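Open the model in your viewer and keep the selection panel at hand. The stops below say what to select next and what is there.

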Amino acid sequence: KDVISYQIVAVDAAVAENTKRYPQNENLTFVVEKMFDPVISYSNQFESSKNDFILNDFDIYIDEGFENGALHSPHPYPSPDEDDVEFNFSTVLKHPVILNDDATMSFDEVVLVEPGDSGTHYGDFKFWDFVIVEGSNDKGKTWLPLADGYDSRKHPSWEESFYSSLADINSTSVGSSLLFVHHQINMLENSNFSAGDTILIRFRLFSDPYSHGWGWAIDNLHIQIPATASRHILSPGNIMVYPNPFKNSFKIVTESKELLKLLQFDLYNMHGQKIRTKLLKNITGTITSDIEVNNGNPGVYLLVVKENGRQVFTKKIIRN
């Protein structure tokens, strides 16, 4: 990519040819990005290359609280704090994608952006901040949603986290890998695009005049690549544990749109001894499970959640 620097120079018609420069002491710059040839599929775990995205607003790195690299919006993202002003933060995939008949996109994400008022939907005035994935079939002149925008209300763990730490009207809660939720989009479902279209894809965070939060993180992006059999149905962000600290019992809420053949909860004490196990079979939807710890000592415990025998979640919890 090339960087172009320039100054604006104005010279009036006077004999003295008075001159004004903007900026006075430095140059304005912009980056010319090269778009790549179209592809039929794309995958990125965000561990190395930064060349595939236009990163004016977003960046790729390992943030605190995350084990691996991810695509990150600004943290926290700013709000204008001025009536009738809005900010948009976006990143564009530089590989155009030729859509096929099974135009599926999937990724893991954390979304901590200001929730809209109760009962509002994307497009409503009081929907407030949101994130959205969009496409363009005219080289970025116009953009249309691949699916409706959404906010932290999309998953209870995000909404709980957003409101768990507030400073005035802003959320100071920070994202982590424990909040990742798997998201899948059918890029043809809303009929904005058709099989055979070649589109650019962008991720955009909209910030309204007031109130903001941590932002958006995206990992394990797959476009028109079949899901592997090894993919977990449950993501860490589909699991909530409360209260923490607890007294004699705590609750685990799991949220799954697909059938879980076996879900296992193991609780270990501070010495690594397993003191509780609970099994759930053939479940789907939102399930609340109670874990009793009547004879344990106060201190730190470790909760391990397994899906079909594979570990998907761990969390330290405290008994008072």
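**Stop 1: strand E16 and its partners**

Select Glu134 and look across to strand E16, where Arg202 stands opposite. Before going further, note that this is a predicted model, in which local features need pLDDT of at least 70, side-chain atom pairs count only at pLDDT 80 or more, and totals for chains, interfaces and linings use all residues. Residues are numbered from 1 along each chain as its sequence is written, and side-chain values use heavy atoms, with hydrogens and water left out.

Strands here are DSSP runs of E with at least two residues, helices are runs of H or I with at least four, and both are numbered from the N terminus. Two strands count as paired if DSSP finds at least two bridges between them.

Now select residues 130–136, strand E11, together with residues 198–207, strand E16: seven bridges pair them in the antiparallel sense. Within E11, Val133 stands opposite Phe203 in E16.

Next add residues 87–98, strand E9, which pairs with E16 over nine bridges, again antiparallel. Val92 has Arg202 of E16 as its bridge partner. Arg202 thus has Val92 and Glu134 opposite it.

How much of E16 is buried? Nine of its ten residues are, so the strand is largely enclosed by the rest of the structure. Buried means under 20% relative accessible area, exposed means over 50%, and partly exposed lies in between (1.4 Å probe, protein chains only).

Zoom out to the sheet: five strands form an open sheet in the order E6-E9-E16-E11-E12, with antiparallel pairing. Strand E6 (53–54) and strand E12 (144–145) stand at the edges with a single partner strand each, so one side of each is left without a neighbour in the sheet.

**Stop 2: Leu146**

Select Leu146, in the loop between E12 and helix H1 (156–164). At 1% relative accessibility, Leu146 counts as buried.

Show what lies around Leu146, with contact meaning heavy atoms within 4.5 Å. Not counting residues up to four places away in sequence, Leu146 touches Met105, Val133, Glu134, Gly135, Ile185, Asn186, Met187, Asn190, Phe193, Ile199 and Ile201. Measure from Leu146 to Arg202 as well: the two are 56 residues apart along the chain, and their C-alpha atoms are separated by 9.7 Å.

**Stop 3: helix H1 and its cover**

Move on to H1 and select Ser157, Trp158, Ser161 and Phe162, which are buried. Viewed down the axis of H1, the buried residues fall within an arc of 135°, so they line one face of the helix; the arc is that of the directions from the helix axis to the C-beta atoms.

Which strands help cover the buried residues of H1? Among them are strand E10 (104–112), strand E13 (166–167), strand E14 (170–171), strand E15 (181–186) and strand E18 (239–242).

**Stop 4: strand E10**

Select E10, a mostly covered strand with eight of its nine residues buried. E10 runs antiparallel to E15, joined by six bridges, and Thr104 stands opposite Asn186 in E15. Seven bridges join E10 to strand E17 (residues 215–223), also antiparallel; there Val111 stands opposite Trp216.

**Stop 5: Thr254 and Ala10**

Select Thr254 in strand E19 (residues 249–268). Thr254 counts as buried, at 1% relative accessibility. Leaving out residues up to four places away in sequence, Thr254 touches Leu234, Asn238, Ile239, Leu263, Phe265, Gly285, Thr286 and Ile287.

Then go to Ala10, in strand E2 (residues 8–11). Ala10 counts as partly exposed, at 44% relative accessibility. Beyond its neighbours within four places in sequence, Ala10 is in contact with Asn18, Thr19 and Lys20. The C-alpha atoms of Ala10 and Lys20, ten residues apart along the chain, are separated by 5.2 Å.

**Stop 6: the whole chain**

Finish by selecting the entire protein chain, whose secondary structure comes to one helix and 22 strands. The C-alpha trace spans about 95 × 45 × 40 Å along its principal axes. Of the 320 residues, 44% are buried. Among contacts with a separation of 6 or more, 68% are between residues 24 or more positions apart.
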